[in-house]
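Colleague: I have a model open and would like a close look at a single part. Please pick one strand and take me through its surroundings.

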Amino acid sequence: MTVVRALVVTAVVTLAITVQLGVLPAIAIADVVPNLVLVVVIGLALARGPEYGVLVGFAAGLALDLAPPADHVAGRWALAFVVVGYLAGLARRDARASALAAVLVVAAGSFIGTSLFALSGLVLQDGGVTIDGVLHVLPVALVYDVVLTPLVVPLVLALMRRLEPVSVRL
Amino acid sequence: MRRSDRPLLGPGGLRGGSGDPEGPHHDGRRPRTLLAVLLLVSFIVITLDARNRDDSPVDAMRTAAAAVFGPLETAAATLSRPITSVTGYFGDVRDLRTANERLQGTNDRLRSRLRTGEFARQRSHELDRLLDLGRQRDDRLVAAQVTAMSAGQTFSRTVTIDAGRRDGVRPDMTVLNGDGLVGRVIAASSSSASVLLIIDADSVVGGRVGRSMELGFISGEGDIGERARLRMELVDRAADPGVGDTVVTWGSRNGAPYVAGVPIGSVSRVETSPRELSKTVVLQPYVDFSALDMVGVVVDADRPGRDDVRAGARGGRR
């Protein structure tokens with residue numbers, strides 16, 4: 001079951017990265033693309049807890065750092081998603097209690113993830129990050145990620161519930 | 001310490017997962033350890049990659065990731081094309097046949113533009129008459145489709161194209177389309193390549209203002225779409241480019257990373273500040289970067305003997 005779950009999660013994350021890079025630019029608003037990978041990581045962390053969130057966050061972030069056309073210093077998304085996965089995992093009990101709480105977790109995760117990525121870019125002077133650009137991108141990204149939440153998070157939660165052994169089900 | 005007697009591995013792992021009914025306190029330590037470890041790994045990756053950008057040990061992982069995600073992005077872009085084309089973002093290509101036709105047109109227009117462009121005429125007039133039109137550049141282009149695009153959140157302007165090493169694409173090759181210069185290849189895997197757009201804040205292109213042939217360095221501002229602008233720092237402060245003048249690539253000896261004579265943009269504003277040593281020219285790029293679709297990669301710009309002809313001509317004039 002663990003192997004099957006790992007394979008399914010790998011496939012889900014790979015699909016999310018592919019869609020985010022190859023399809024979602026078509027619906028960019030003010031140049032900001034919804035961060036599907038981030039929402040999927042949050043969904044998985046909500047389903048499985050902080051440990052899983054950290055692991056999946058790192059793997060998904062690193063893949064997003066390396067997949068073409070990425071040109072920034074590798075490890076920046078990984079760093080951001082590790083933190084987001086951990087925090088979302090910690091908040092899973094509250095977030096699974098109500099839909100509003102789940103939306104708030106995604107909003108917080110989007111803010112933290114996008115800012116951490118931007119911050120690491122500012123510190124490393126990598127990839128043309130400017131304070132102006134960050135302030136411009138942050139609110140749009142947050143709203144867009146929240147819009148994705150009702151479409152993505154319930155799907156991820158349902159998928160993980162099906163993959164969980166019955167005895168451990170919450 | 002209640003948790004200290006719980007084994008880190010073994011049966012505890014079964015109960016200690018997310019489904020544990022005893023609450024978050026029970027599995028608090030292991031996630032924190034993992035968080036610390038993976039944060040550390042992230043920092044190590046960042047450090048390794050940032051310390052040596054040109055020859056990074058992470059590049060091997062990048063190549064592996066490109067081998068996986070390059071074909072996936074191509075498939076995703078192909079599958080989603082009928083839907084995404086409705087929004088007009090990737091252009092109005094409905095299917096591969098029209099894409100092919102457009103590409104042919106693009107190719108022809110590019111060739112004629114390169115041959116008869118303002119810069120080409122200027123250069124042939126100014127350098128020497130020995131280079132007749134038949135000897136003018138006739139670069140070999142590899143056609144490619146844009147399959148993925150970096151998001152605004154990444155603050156970098158890069159795209160993936162569906163041509164790679166097996167098509168002859170290598171890093172530091174010029175990428176252009178029917179309108180003008182798009183960027184240069186920064187990484188290539190077997191079936192895909194990443195292209196740094198000239199509007200990226202890290203991109204610098206040597207260019208000259210078409211009419212006066214003044215040299216300058218053109219850098220991107222990171223904006224895309226309507227707001228996309230390029231800044232050109234002129235080497236000669238006395239130069240006086242006019243609004244609307246064409247700026248073309250300056251080009252280097254072997255056409256890497258940019259071949260000469262590709263139109264970049266037109267002058268939209270000239271900024272003069274008495275304190276600055278150089279004059280800044282604001283350019284409007286010819287290429288609409290928010291609607292990139294088919295592009296061409298110049299795979300054969302280094303023509304044998306071209307430098308010899310040039311050198312001989314220059315020597316003979318002295």
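Modeller: What follows is a walk around one strand, then outward to its chain and the partner chain.

This is a predicted model. Start with confidence. In chain B, the highest mean pLDDT belongs to strand β5 of chain B, residues 193-197, at 93. That is our strand. The lowest mean in chain B is 39, in helix α1 of chain B, residues 11-15. Chain B as a whole averages a pLDDT of 73. In chain B, 69% of the residues score at least 70. Two stretches need care. Over residues 1-25 of chain B, pLDDT stays under 50. The model has 24 contacts beyond four places in sequence for residues 1-25 of chain B. Residues 122-137 of chain B also have a pLDDT below 50. That second stretch has 13 contacts in the model beyond near neighbours in sequence.

Now look at the strand itself. Is β5(B) mostly covered or mostly open? β5(B) is mostly covered, and five of its five residues are buried. Take the two faces in turn. On one side sit A193(B), V195(B) and L197(B), and these are buried. On the other side sit S194(B) and L196(B), which are buried too. Both faces of β5(B) are therefore covered, since a residue counts as buried if 20 or more other C-beta atoms lie within 10 Å of its own.

Which strands pair with it? β2(B) pairs with β5(B) in the antiparallel sense, over four bridges. β4(B) also runs antiparallel to β5(B), and five bridges join them. Find V195(B) in the middle of this. V159(B) has V195(B) as its bridge partner in β5(B). V185(B) has V195(B) as its bridge partner in β5(B) as well. Trace the chain from β4(B) to β5(B), and you pass through a hairpin of four residues.

Next, step back to the whole chain. Chain B has six helices and 12 strands. It holds 318 residues, of which 41% count as buried. Take the contacts in chain B with a separation of 6 or more. Residues 24 or more positions apart account for 60% of them.

β5 of chain B also takes part in the contact with chain A. That contact takes 57 residues from chain B and 60 residues from chain A. On the chain B side, β5 supplies at least two residues, as do α2, α3, β1, β2 and β4 of chain B. α3(B) gives the most, with 13 residues. By class, this side of chain B has 30 nonpolar, 20 polar and seven charged residues. The model scores ipTM 0.89 and pTM 0.76.

Finish with some backbone details. Most residues other than glycine have a negative phi, and most peptide bonds are trans. In chain B, D172(B) has a positive phi of about 70° although it is not a glycine. D172(B) lies in the loop between β2 and β3 of chain B. With 14 other C-beta atoms within 10 Å, D172(B) is partly exposed. In chain A, Q125(A) has a positive phi of about 50°, and it is not a glycine either. Its place is the loop between α6 and α7 of chain A. Q125(A) is exposed because it has 11 other C-beta atoms within 10 Å, and the cut-off for exposed is 12 or fewer. Last, a cis peptide bond joins P68(A) and P69(A), with omega about 10°. P69(A) is found in the loop between α3 and α4 of chain A.

Technical notes. Residues are numbered from 1 along each chain as its sequence is written. Chains are lettered from A and ligands numbered from 1 in the order in which they are written. This is a predicted model: local features need pLDDT of at least 70, side-chain atom pairs count only at pLDDT 80 or more; totals for chains, interfaces and linings use all residues. pLDDT is the predictor's confidence in each residue, from 0 to 100. Two residues are in contact if their C-beta atoms, placed from the backbone, lie within 7 Å. Ala, Val, Leu, Ile, Met, Phe, Trp, Tyr, Cys and Pro count as nonpolar, Asp, Glu, Lys and Arg as charged, and the others, Gly among them, as polar. Two strands pair if DSSP finds at least two bridges between them.
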